[in-house]
Every structure is written in structure tokens, then in C-alpha cells.
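Please report on the domains, the chain contact and the symmetry of this model. Keep it brief.

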Protein chains: 2
Amino acid sequence: MSSSIAPRTSSKVQAMPASAIRKLVPFSEAAEASGVKVYHLNVGAPDIKSPDCAIDAVIKKCESMHHLSYTNSAGLIELRKGLVEKYYKKIGIDIEVSELLVEVAGSEAFAVAMQIAADPGDEIIVVEPFYTNYQTFAFLNGLTLKAVHTDIREGFKVPDISEFEKLVTPKTKAVLLCNPCNPSGKLFTKEEMLALGDFCIRHGLFLISDEVYREFCYTDEPHFSAMNIPGAEQNVILVDSVSKRYNLCGARIGVIASHNKDVMAGALKFAQSRLCPPVLGQYASIGALDTPQEYFDEVREEYIRRRDTAVEALNAMPGVFTPTPYGAFYTVAELPVDNAEAFAKWLLTEFRLDGQTVMVTPAASFYRTPGVGVNQVRIAYVLEVPELRKAMHILAEALKAYPGKTN
Amino acid sequence: MSSSIAPRTSSKVQAMPASAIRKLVPFSEAAEASGVKVYHLNVGAPDIKSPDCAIDAVIKKCESMHHLSYTNSAGLIELRKGLVEKYYKKIGIDIEVSELLVEVAGSEAFAVAMQIAADPGDEIIVVEPFYTNYQTFAFLNGLTLKAVHTDIREGFKVPDISEFEKLVTPKTKAVLLCNPCNPSGKLFTKEEMLALGDFCIRHGLFLISDEVYREFCYTDEPHFSAMNIPGAEQNVILVDSVSKRYNLCGARIGVIASHNKDVMAGALKFAQSRLCPPVLGQYASIGALDTPQEYFDEVREEYIRRRDTAVEALNAMPGVFTPTPYGAFYTVAELPVDNAEAFAKWLLTEFRLDGQTVMVTPAASFYRTPGVGVNQVRIAYVLEVPELRKAMHILAEALKAYPGKTN
């Protein structure tokens, strides 16, 4: 044992998928470093102003702060009470303070929810396309995602419940969905949610409902939360976040909520293992609870304008198709290219229009079905309309110039 | 399939250990709610003022903030560069910006480090007593901790390297230590670190060195970081945090660092899966980099006073023994009780001295060796000397009154 052997990293980390959303970042950074302007349609990081009340609350707390200490692992009681009284009650979700706790953003909330629902070797049913990090956390925890396909050409319509039934095995422990959906913009109807609730009740499955885009719905019907499915109180685990709702992505504050006491007891054990959620972000979130309704109304109108701009421009490009999304701030578009990932990389490394280019997210990793989505990208319409128009123009010109075009 | 079955939480979350440090919290909250003053010697949450430059940096950023957006998954480049130039260089740790990234506190840093080093089924050697959440994250990731014992009666002296050799199997992937040590206050000497480095190099093991208490050393020799073990560049993974260094526990900002490129590539994948570290905490951490040396000097002197107060008072209590700790702000004490956890609970639920009591952490869960530490508690000397004296007086009186005494 005298020779020196360099240690090897774990098989797990070597096989861990790199983030499809983030792995092009080095190319965009290189482009920007060389003076190229990159329009970022790749990340759901909007440019909308955070509510003044949120930022002011942080300043006020800091001005009288002696030291920045830990909070309760479940989050500041002021925040938990405020969420129940000022937010969930207002939107018609009836929960007690003991039925929620504060997480390190939606990311921690769904990672914890998946581990509460399923053991290594178990299966979770997802609706594809789905948020790619669901797969990352499934992988890290030895879980298998089985996907019900929804099709871009059908506007990502949720299929009959028989498609879910087909996937059920003794190892199935949960259904995981995002409503409205990142990346598709799909908004689940009340009827679809009731059917899924019934399915989960019948099979004794958890229903993990990621509703972080709840405030971004563009139909006349109100968002129907999984928390309001009658009879599914023991099944539903709600995943929520302030990131999108108040444009506080950097606060890293989310919520896990359930009427199921065992779920919340498990969530508390996870919460205690990482001591507490970010405290300055908790202050911002407490302040954000006083955000006036006009803020949401204005943001909603702005996103409808952006959506319409993006969808119209995309469908006007030869060979491009995108359905109209009714929620969140994404749309998935089919492009006339052989490989959308290669195209996205080419945009960053080779294509320039007057020293500008765009960044989009390849969509293949949002699907489990092999081969599906290879010619699709996710577009986050998170820029102001004039900027978005310019980005769409660049994308159109890029498609004309791209050597890997299919038609 | 028509009958309704309530879903069951996973076996993993049911078997997951509850935090020994946090599980008494409901009892202390109940005591406080009933008007009892509780002296908190249980959590490493000091009352020292955070540096003004840290809090001011947050205020300044907020005053000109448009919206609180995501940062790079690895953390703001300003923070990463600042850490390299203004902190690590100053303390003699020579790393590049690409060799560190920002984590959600030390908690995320060691959880990620353990998963980078070891696969489910693998083993990690720890020095007991150790920080109890190491075991929590080992459990969650299917890892087995094997402990080298250090004994309270020997001042937690690290034994001969042959004791480590005995534990090596083909599944051993890393050594994990905390220096200075939470909970024992043990400060590893340069010689001990070099021997451990040599051991890891010979066996091709990672050396995960948790140095979050680095600024709290009470000897004349400077802290010797694992990053400075010659020849161990590919082995060492550094875990760090601003929580204790600048008394910014609530910022939730930590660091993982390594000269090993595969380790950092793995860490980046984990970082991308949770999008970014808390941004307001990153601002506080950038500001904290300008903390003057006098701050650390004053804090160090204050902790020496507190340590001396606690150690002297503890050893003056009949049947109590604690060694002198040379780092961090904890000490482990042997008490003349049959079960320290029952005693800690009794303090919160039954014992009152003039309407006051103390909260301590039972130490058994800091050990892997069965039965060891059952009569020990961890004392965090994180109160000002006059308060600490009162807490020690209450503890002494409580021991006199406790029905479960052994002598």
C-alpha cells in the first residue's frame, strides 16, 4: 500500500446528468466576454421588478440587525403564518401553519417531496415534457421516472387517465406534475386535476403538484390547485416558491405543504438536517406578502403581451411550430433543425447578427421518451416586448443561415 | 382498484434520524411560550454582532435593486474572486477561482462532498464524536460511516494512524473530519493532519475537511488547513462556510473547494441542479470579505473568556468532567446522569430555577460506537460571560436536583 493512488469520484456523480438548461452557460459567457450581446431566452429569469415591499423589508430588517442568526428549520413563524393568512387563504387554499414549511426554493421542496414519497428503486409517473431537474433528483435518489407523453402538436393535451393506468406497477409511488407547466406552458384544467386526483386516490399514490407558476395563468378560469381536490388530502404534496410569484428568484425561498401529517413530519426531518432556510430571503418573502393585487395584474398583462409576441413570431418562421401556452412563461417550439442542442450551441459559438445572438434551451432532456424533442427548444419569454422582437428576429435569421436545417 | 388507500411515506424518510440538536426544540418552545427563560447552550448560534460591512453590503445592494435574480450556479463571480483574493490568500490557502464554488452553507457543501466521494454502499471514516448531520446525509445517500474513537478522558486526542488502517476496506472512499471539531472543540495539529493526508494518499481516499470553525482556534499555532498537506492536492475536498466566521449563520453561504478537477466538475453538476445559492446571503458574504482583522481578534478573545468560564464552571460541578477545547465554541462534558437526553428533556419540561432553565444537546448521537456518550452533552459557549455564568449556575443546581443522577 505504499504507492499513491489518486481517488476517483463516485460513479453516481460521474453518471449524474449535467443540467441541460445550464450546460450551455460557458458558451454564452464566452460570447459575452468577447463583446457579443446574447438575448437570454434560455432561463426562466424574468426582468420584472421585484415588489418594493419585498426589498424594503430586507433593508428595514438589516438596518436594525445585530447579527444574522439561524431561524427555526421550518422557517420564521412570521413567514409561515403570513403565507397561510395573507397568501394561501386569499387564493382559496385552506391550510394550517403546521401543514407547511419553508424550503430552500422550489428546488429543495420537490427534491424532498420525491424522497418522502418514494424509496430507491421506486417509480414516479411524470407528464412529459417536464422540468429537467426532476430527472436529476430522481437519479440522485435512485428513483425511476416513467412518463406519460403529451404532444406538442396537440397543444400538450393531457391524455386519458388510461395512459397513466398503463404505467402503474407495485413500485409506483407518486405522480409528479408542474401546473402551469415548465417547459410547455400547459395549464391543467380542473377536470384534468380531478381525474388525476381520483387516479392517485385509487392507487394510493402521492400527487406532487409543483405550482410555482400559479400566478401566471392566461385563461379566464382561476388556477385549480391540487390542494383543492376533494378526498385527496392525504395524497397531495404541494411544491411552491416565491421565485416566480414575486420575481424573487435569488431569494431561494420555497414551500412544501400537505395535509398529510406523516409527510410534514418527514419534511421537518429534512429541514432540520440543513438547519434553516436563507434568512434574508425569508425577510424578502415576508415583505412580499403585502404585494398589491395590481402587481400581479400588471405582470400578467405584460406576460400575455410577451407570449403573444413570441408565439406569433415563432409560428411565422418557416418550419417552426409552437402551440399557444396558457400558463408560466415558456413555450416549446419545434424547429426545422436536425438537432436543437447543436443549433443552440451554434447560436452561441458561431452565429452573430450585428454582434448579437440568442440563447435557447434544447428540449430533448424535458422528455423521457427516447428521440422525442430532439428538434425542439424551450423559449422563456422573459424579455420586454421590444427586446423579445429583436431576439425573435435574430432567431429567424439564424434559422435561415443554419447549415443543419431539415427543410 | 376502487377502494381508497392512503399513501405511505417512504421507508427512507421514516427511518431517517431526527436531528438530535433540533428535536428538543418543541420542548424549549413550549417552555418559552409559558414564560420560562431558556439559556440556549444547545445550538452553535452565537450572539456576536455580524460585521457591519456585511450587513451594509446587503442594504446597499437592495437600495439599488431592480429585481432579485438568479446568479451563476457556482455563485457570483465577485464573491468567488473575493474569496480567493481577499480571504484564502490571506490565510495561506492558494486556490484558483475555478477550484471553489459557493454552496448553500456548509450543510450543502459536506452533503455534496460525501456524494462526490462515495457511492451508495460505500464507507467513509469519521473521527468520533462528529457533527451529527454527517450521519444524516450518510444515511440519505446509502453511505456507512465507520468511526475512529477519540476519548473525552484523553482530551479527544487523535489515535495512531493504525486505528484508521484497521477500518479500511475496499469500500472505503474517504475520511471526513471537522477541524476544529464540532462537537469536541478538538483542534487537529499539523502533524495529525499530515499523517491523515499520508493515509489518504496511500489508500487513494478523499479527505473531506470541514473547516467552518477555522477562525476559532485558541492556541498560538495557526490553523493548519488540509488544503496545505503536500501531495494531497487530488485527495482534499474543503468544506467551508461564512456562518461562523462572520457570524452570518442565517446567510446560508458556504464553499466547496478542491484542486481535483473531477471533484469540481461534480460539484458544479450538483450546484446546477439547485440553480443558485441564496443571493442576498451572497451579497452579505461579499461585504464580509472586508471584515477587519480586529473583528476576528476581538471575537477570539471573547470566546477564550467564554470557554474558560464554561470549562471552569463545568469542572467545578461534582461529577462533571470536560477537557479544555482548543477550537470552535463547543465543549463536550460528561455528566453524573444515567441518560443525558432524558436530562436535557427534563431541564426543558420540569426544572426551573427562578423561572429559568438551560438547553443542552445530548451527545450520544455524535458517536457511532454504541453506548458511548450516553452521559455526555455538548455545550455551546455562545453566550456573553455574565449570561453564561447564570446558565452554568442553573445547570449546577439542576444536577443537584435531578432524580436520575448516578453519583
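Chain A is assigned two domains: domain 1 (16-49 + 294-401) and domain 2 (52-288). The bounds come from an automatic or database domain assignment. This is a predicted model, in which local features need pLDDT of at least 70, side-chain atom pairs count only at pLDDT 80 or more, and totals for chains, interfaces and linings use all residues. Residues are numbered from 1 along each chain as its sequence is written, while chains are lettered from A and ligands numbered from 1 in the order in which they are written.

**Domain contact in chain A**

The C-alpha centres of domain 1 and domain 2 of chain A lie 25 Å apart. Their contact takes 34 residues from domain 1 of chain A and 31 residues from domain 2 of chain A. Two residues are in contact if their C-beta atoms, placed from the backbone, lie within 7 Å. On the domain 1 side, α11 (293-316), β9 (330-334) and β12 (376-380) of chain A each give two or more residues. The largest share, five residues, comes from α11(A). Helices (H or I, at least four residues) and strands (E, at least two) are DSSP runs, numbered from the N terminus.

**Contact between chains A and B**

This contact takes 72 residues from chain A and 73 residues from chain B. Seen from chain A, α1 (11-15), α3 (52-63), α5 (105-117), α6 (132-140), α8 (190-203), α9 (261-273) and α10 (279-288) each supply at least two residues. α9(A) gives the largest share, six residues.

The table lists both contact sides by residue class. Ala, Val, Leu, Ile, Met, Phe, Trp, Tyr, Cys and Pro count as nonpolar; Asp, Glu, Lys and Arg count as charged; the others, Gly among them, are polar.

| Side | Nonpolar | Polar | Charged |
|---|---|---|---|
| Chain A, touching chain B | 35 residues | 26 residues | eleven residues |
| Domain 1 of chain A, touching domain 2 of chain A | 20 residues | eight residues | six residues |

**Symmetry**

A turn of 180 degrees and a shift of 0.0 Å along the axis lay chain A on chain B with an RMSD of 0.0 Å. The two copies are therefore related as by a two-fold rotation axis. The fit is by least squares on the C-alpha atoms of residues with pLDDT of at least 70 in both copies. A:Ile59 comes closest to the axis of the residues of chain A, at 2.6 Å (C-alpha). Because 100% of the interface residues of chain A are also interface residues in chain B, the copies meet through the same surface.

**Confidence**

Chain A has a mean pLDDT of 95, and 99% of its residues reach 70 or more. pLDDT is the predictor's confidence in each residue, from 0 to 100. The model scores ipTM 0.95 and pTM 0.96.
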